Amino acid sequence: MSEARSTRTRTPRTETDDVATADRAAAAEQVPADDETETTEETGDHETCPECGGRTRVESAERVCADCGLVVEADRIDHGPEWRSFDDDDTDPKRTGAPLTRSRHDRGLSTEIGRSTKVKGRKRRRLARMRTQHNRAQISTKRDRNKVYAYTEIRRLTGVMGLPDSVRDAACALFDSAQDESLLRGRSLEGFAAACVYVACRTADVARTVGEVCAEAKATEDEHQAAFDAMNRELGLPIAPSGPAEYLPRFASDLGCDPAVERRAGELAERAVEEGIANGRNPVGVAAACLYTAARELDAEYTQQEAADVADVTPVTVRRTYVDLTEE
């Protein structure tokens, strides 16, 4: 009795698939070398298919195997902005609040009752009363009230003086430290705000004098000095005496000096510190004198009065340091 013969025919595509399957099986049986194992571990499961070992490709939000069609990864993380556009709100598509910041007493995590021009009459007045009560409830203690006032003054100072956000955040953190050590009792909050901004400028190598800070602050120089002395004594501020080289770039920019004049002024400032010419003198006046001396040596047309006005000192201060620098 003859055996039944199979009527199935093998198409060229079927033969090709069988060959590919056999090749993958043979490759899977082979033990990879150490280098290949390390490479596979480094690339991870995203490069090869866990089922058949084939290559994967990215299609929209999915990673799919090119050989067997297995979905290896779905719902990939979108690292773009956390918002999308809505049909009814094209002006502000953001769905998140402001980032955390040290310049707010609550780190910027508080909520607000917004305003709308579409609300009229009784509902609008009710929302206004709710907004007032909500603002009052945000500040529950005197400690928070002092912090809100000081932070507001620090933000105003840094904005008026054109200081970076890093200085603003450092000044707010320093005020927190002073409040934790109970240094505010009997002293001016405005003085502490000015002193915190000044110390933050010194630690960040942003050249600002006490007079420049107090000129924009609501505190006097005596209030600033009292707060600064208290923080320096109790907190041990990591600041060293300022040198004339810290003020040179800003003064040179205000005068419009050439780079050659600024470089020569830097050399003169280093010499003034090494030879003791700057000892016991205002570093601002020494910096102005160095710029004036460098301008005279390089035939730049700057007067003593112009250099003194930039540094907010008298021409006599510039002239005395100039005489000492030019003496042989």
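Mentor: Let's start with a term: a salt bridge is a side-chain nitrogen of Lys or Arg within 4 Å of a carboxyl oxygen of Asp or Glu. Keep in mind that the model you are looking at is predicted.

Trainee: Thanks! How many salt bridges does a search of the whole structure find?

Mentor: The search finds twelve salt bridges. Take the one in which the side chains of Asp180 and Arg143 meet, at 2.5 Å from N to O. Asp180 belongs to helix H5 and Arg143 to helix H4 (residues 142-161), so this pair ties together parts that are 37 residues apart in sequence. Asp180 is exposed, with a relative accessible area of 51%, while Arg143 counts as partly exposed at 37%.

Trainee: Which side chain meets Arg63 in a salt bridge?

Mentor: That is Glu73, at 3.8 Å from N to O. The two are ten residues apart and link distant parts of the chain, with Arg63 in strand S2 (residues 62-65) and Glu73 in strand S3 (residues 71-73). Arg63 has 13% relative accessibility and counts as buried; Glu73, at 22%, counts as partly exposed.

Trainee: And where do Arg264 and Glu267 lie?

Mentor: Both are in helix H10, three residues apart, so about one helical turn separates them. Their side chains meet in a salt bridge of 3.0 Å, N to O. Arg264 is partly exposed at 25% relative accessibility, and Glu267 is partly exposed at 45%. Salt bridges can also join into a network, as they do for Asp165, Arg168 and Asp169.

Trainee: Now a charged residue without a partner. How far from Arg208 is the nearest side chain of opposite charge?

Mentor: The side chain in question is Glu212, 4.6 Å away. The cut-off for a salt bridge is 4 Å, and Arg208 has no salt bridge although it is buried. You will find Arg208 in the loop between helix H6 (189-203) and helix H7 (210-216). Leaving aside neighbours within four places in sequence, Arg208 is in contact with Met161, Leu163, Tyr198, Cys201, Val213, Tyr247 and Arg250.

Trainee: Let's turn to the interior. What should I look for in a nonpolar core?

Mentor: In soluble globular proteins, nonpolar side chains tend to be buried together. Here the largest nonpolar core has 33 residues, of which Phe251, Cys257, Cys290, Leu291 and Val318 touch the most other members. Two or more residues each come from helix H9 (248-255), helix H10 (259-274), helix H11 (283-297), helix H12 (304-311) and helix H13 (315-326). H11 gives the largest share, ten residues. Apart from this core lies another, of 31 residues, including Leu157, Ala193, Ala194 and Ala227.

Trainee: Which residues does Val318 touch?

Mentor: Not counting residues up to four places away in sequence, Val318 touches Ala288, Ala289, Tyr292, Gln304, Ala308 and Val313.

Trainee: Which residues of H12 are buried?

Mentor: Gln304, Ala307, Ala308 and Ala311 are buried in H12. Look down the axis of H12 and these buried residues fall within an arc of 100 degrees, so they line one face of the helix. They pack against H9, H11 and H13.

Trainee: What follows H12?

Mentor: Asp312 does, and its phi is positive, near 60 degrees. Asp312 is a residue other than glycine and is found in the loop between H12 and H13. At 71% relative accessibility, Asp312 counts as exposed. Another case is Ser182, which has a positive phi of about 60 degrees although it is not a glycine. Ser182 sits in the loop between helix H5 (165-180) and H6, and at 58% relative accessibility it counts as exposed.

Trainee: Last topic: cysteines. How many disulfides does a search of the whole structure find?

Mentor: A disulfide is a covalent bond between the sulfur atoms of two cysteines. The search finds zero disulfides in this structure.

Trainee: Why is there no bond between Cys196 and Cys172?

Mentor: The sulfur of Cys172 is the closest cysteine sulfur to that of Cys196, yet it is 8.3 Å away, too far for a bond. The cut-off for a disulfide is 2.5 Å. Cys196 counts as buried, at 0% relative accessibility. Cys257, from the largest core, also counts as buried, at 14%.

Definitions and conventions:
Residues are numbered from 1 along each chain as its sequence is written. This is a predicted model: local features need pLDDT of at least 70, side-chain atom pairs count only at pLDDT 80 or more; totals for chains, interfaces and linings use all residues. Side-chain values use heavy atoms; hydrogens and water are left out. Helices (H or I, at least four residues) and strands (E, at least two) are DSSP runs, numbered from the N terminus. Buried means under 20% relative accessible area, exposed over 50%, partly exposed in between (1.4 Å probe, protein chains only). Lys and Arg count as positive and Asp and Glu as negative; His and the chain ends are not counted. Contact means heavy atoms within 4.5 Å. A nonpolar core is a set of buried Ala, Val, Leu, Ile, Met, Phe, Trp, Tyr and Cys residues joined through side-chain atoms within 4.5 Å. The arc is that of the directions from the helix axis to the C-beta atoms.
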